[in-house]
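Reader: Please take me slowly through one part of this model, the largest pocket, and tell me which residues line it. I would also like to read about the pocket that comes second in size and about the charged pairs.

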Amino acid sequence: DKAIELNPEDSNSWKFRGRSKYFLKQDKESIQDFDKAIELNPEDSDSWKFRGESKNLLDQEQEAIKDLDKAIELNPDDSDSWQSRGFAYLENLNFELAENDFKKSYEIDGNKANFRHNIGQIFYRKKDYYVAIKHYLDALKIEPNKYVVYANMSLAKLELGNYKDSYDDMKKSEELYINQNK
């Protein structure tokens, strides 16, 4: 707030405050800050990306996709924008476009663990839990300490009625999260 008070025409101050509000789950408020950042600097791809991510969390997928389209137009080499748009498409149940964006993100950053996990998310949403688990396991072979993958795999196993393994995976996720956030 102080940075904005000192220089209300600095787009970065609005963007950073919007980002803070995003992490505090104040999504509507974060969008207002990103609106101002974009008004001040419409060529800042990060502001478009962050606003799109906030809109996606508010179930405004179509608006999120428009913002993420603009972010990608401004900076086509930002793998996070491609991944974020993939998640917006996933929320919209547009699996083909989601997969295309996840692939593009992987081509840019080479993070195969994220790619496998994201493809697992597609199959989870398709209710093909066995295939989702296969992709989650592939992600864990590459990056064995990704707590979010264990959490999502736990949910897939729960859907299959595999309660013990689901519980074990959720416990593992919790342990990893605690250890990584000390």
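Author: What follows treats the pockets, then a buried charge, then the salt bridges.

This is a predicted model, in which local features need pLDDT of at least 70 and side-chain atom pairs count only at pLDDT 80 or more, whereas totals for chains, interfaces and linings use all residues. Residues are numbered from 1 along each chain as its sequence is written, and side-chain values use heavy atoms, with hydrogens and water left out.

The largest pocket has a volume of about 400 Å³. A pocket here is an open set of points on a 1 Å grid over the protein atoms alone, where a 1.4 Å probe fits and protein lies on both sides within 12 Å along at least five of seven lines; a lining residue has an atom within 4 Å of a point. Volume is the space filled by probe spheres set on the points, which are joined across faces, edges and corners. The lining consists of Arg19, Tyr22, Phe23, Lys25, Gly52, Glu53, Asn56, Leu57, Leu68, Ser84, Phe87 and Glu91. Helices H2 (11-23), H4 (45-57) and H6 (79-91) each supply at least two of these residues, and H4 gives the largest share, four residues; helices are DSSP runs of H or I with at least four residues, numbered from the N terminus. By class, five lining residues are nonpolar, three polar and four charged, where Ala, Val, Leu, Ile, Met, Phe, Trp, Tyr, Cys and Pro count as nonpolar, Asp, Glu, Lys and Arg as charged, and the others, Gly among them, as polar.

The second largest pocket has a volume of about 220 Å³, and its lining is made up of Gln83, Phe87, Asn114, His117, Asn118, Lys146 and Val148. Here H6 and helix H8 (112-125) are the elements that give two or more residues, with H8 providing the largest share, three residues. This lining has two nonpolar, four polar and one charged residues by class.

Two residues that line the largest pocket, Asn56 and Glu91, are also among the contacts (heavy atoms within 4.5 Å) of Glu61, which touches Ala88 and Asn92 as well, not counting residues up to four places away in sequence. Glu61 lies in helix H5 (residues 61-74), and it is buried (under 20% relative accessible area with a 1.4 Å probe, protein chains only; exposed is over 50%, partly exposed in between). Glu61 nevertheless has no salt bridge, and the nearest side chain of opposite charge, Arg125, is 7.2 Å away; Lys and Arg count as positive and Asp and Glu as negative, while His and the chain ends are not counted.

Elsewhere, the structure holds 22 salt bridges, each a side-chain nitrogen of Lys or Arg within 4 Å of a carboxyl oxygen of Asp or Glu. Asp33 pairs with Lys21 in this way, their closest N and O atoms being 3.2 Å apart, and the pair links distant parts of the chain, helix H3 (residues 27-40) and helix H2, twelve residues apart. Asp33 is buried at 2% relative accessible area, and Lys21 counts as buried at 17%. By contrast, the salt bridge of Lys70 with Glu73, at 3.3 Å, lies within helix H5, its partners three residues apart, about one turn of the helix; Lys70 is partly exposed at 23% and Glu73 is exposed at 57%. Finally, Asp35, Arg51, Lys55 and Asp67 are linked in a network of salt bridges.
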